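Me: I would like to learn how to read charged pairs and accessibility in a protein model. Could you take me through it step by step?

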Amino acid sequence: ADGPDDGRRRERGRVLRALADGALAGASTVNVDNLPPAAVDALVRSESLRDFGNDRVALRHDLLAEWAVSCLLSDLTVFDQLPLQSPAPAILARGVELTARFAIERSADSTSWQQLLERVSREAVHGSWRRAALLALVRSEAAADALTKASESLLANHSRLLRELIRTVKAVDVLPAAQLFAALGVDPASVPTHLNMPRGPAWFRLIMWLLALGDRLPAAAIPDVASLYFDWSLSIWGRDPVTPLLLPWVHRWLSAIEDARETESSREFRAPFTGDLDGANLSDLEDSLRTTFVSFCDRTPALAASYLEAVMRRQRNERAVEGILKYRGRLAEAAPAQLAALTVAALIPPVDQDGRGRRRGRRRENEPFTWTDSKFIPASPAQGPFLELLMHAPQHGLALIRQLVDHAIAFYSDGQPHGSNAFVVEFAD
């Protein structure tokens, strides 16, 4: 009750309780003409209250109102006084969040927090109240402990609650990137309107807990966790100390999907993650994981090289190769030699033992390259990895281009020597 136990503490407590009731009801000021004047004056002097005259006062700051409301809501019966059918006002939403935090921080388990979550999850209750209780887990300074206490609930039933928490954090605790860059002097018009930045520590706390969870993460949560990782890295272009910790998991999940495709027949196919993706589309997840990995793979170059080498070893790698050549991300910076080798393997048909190129998979019999060549239409310097390799690793980029040109010439000439049928280009040096 804001002050020492000087014989008036109970009186000050009653005044604060009246102000808490007023905040709960949405009143801007509270009439205190029936409360002890000395207690009211003491709270005004300590700057807990603001005096508006005529015996009307208010809590001096919204933060105090939020804490006052949260103290009341520790009694779940008080929730009956909230306008639960309507969107939660800011002060009341924050009060529910603080109550939820106290419920899990001050208990040995998540029972009290689950009871509160259930109370704001009933039919006809607006979703904003539930969001406030859910976000308490990651907005708590003791988030790691809070998430661990609630882990049984979060991971149960195909991780439905964890997936909801991830989506809520991504929707609520964000700031438009244009707004942040504008403060740094960057033209907001140059920033994509859909790009958001994490706001506050909730993202970081949740990600670190997920990393600590390791193999205990249920497969059904992988699509949402992977999306969270991508959005985190994208917001700061992967130039942070966390992204290198995320990429090994992205690589691991992506490799599991690609390895599962190596079976000889569809009857032998065994879905990765024991097929427990709770309805998520496996192909979409694969594309998303590959995009995430190649976008930031320069942070883990050894892993990038290992990934490309694994792709080239696989027999059923068409989908992966096509995806990589369509979007290389930063592979030209991370693993240029392997990217050049993959491009050669994708474009030049393998040769049989008798020296003839196998025709399978080629668009037409009279062309030197595989069907993959059609992915570079319309012709452009930026199609495929060629320009990127020339910029970031010229030795590999130039060798790749020469190898492809030599192969095309050999194909069209049936390997005959050019003799006089050639152009000589002379340079001044």
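Me: Is R261 buried, partly exposed or exposed?

Reply: Please keep in mind that this is a predicted model. Buried means under 20% relative accessible area and exposed means over 50%, with partly exposed in between. R261 has a relative accessible area of 25%, so R261 is partly exposed.

Me: Which side chain meets that of R261 in a salt bridge?

Reply: A salt bridge is recognised when a side-chain nitrogen of Lys or Arg lies within 4 Å of a carboxyl oxygen of Asp or Glu. Here the partner is E286, with 2.4 Å from N to O. Because E286 lies in helix α13 (residues 282–296) and R261 in the loop between α12 (243–260) and α13, the pair ties together parts that are 25 residues apart in sequence. E286 itself is buried, at a relative accessible area of 1%.

Me: Where does R319 lie, which also meets E286 in a salt bridge?

Reply: R319 is in helix α15 (residues 318–326), 33 residues apart from E286, and this pair too links distant parts of the chain. The N to O distance is 3.1 Å, and R319 is partly exposed at 33% relative accessibility.

Me: Which residues are linked with these in a network of salt bridges?

Reply: The network joins R261, E286 and R319 with E258, D259, D287, R290 and R314.

Me: How far apart in helix α4 are R94 and E97?

Reply: They are three residues apart in α4 (residues 90–105), which means a separation of about one helical turn. Their side chains meet in a salt bridge of 2.6 Å, N to O, in which R94 is partly exposed at 26%, whereas E97 is buried at 3%.

Notes
Residues numbered from 1 in each chain as written. Predicted model: local features only at pLDDT ≥ 70, side-chain atom pairs only at ≥ 80, totals over all residues. Heavy atoms only, no water. Helix = DSSP H or I, 4+ residues; strand = E, 2+ residues; numbered from the N terminus. Buried < 20%, exposed > 50% of the residue type's maximum accessible area, 1.4 Å probe, protein only.
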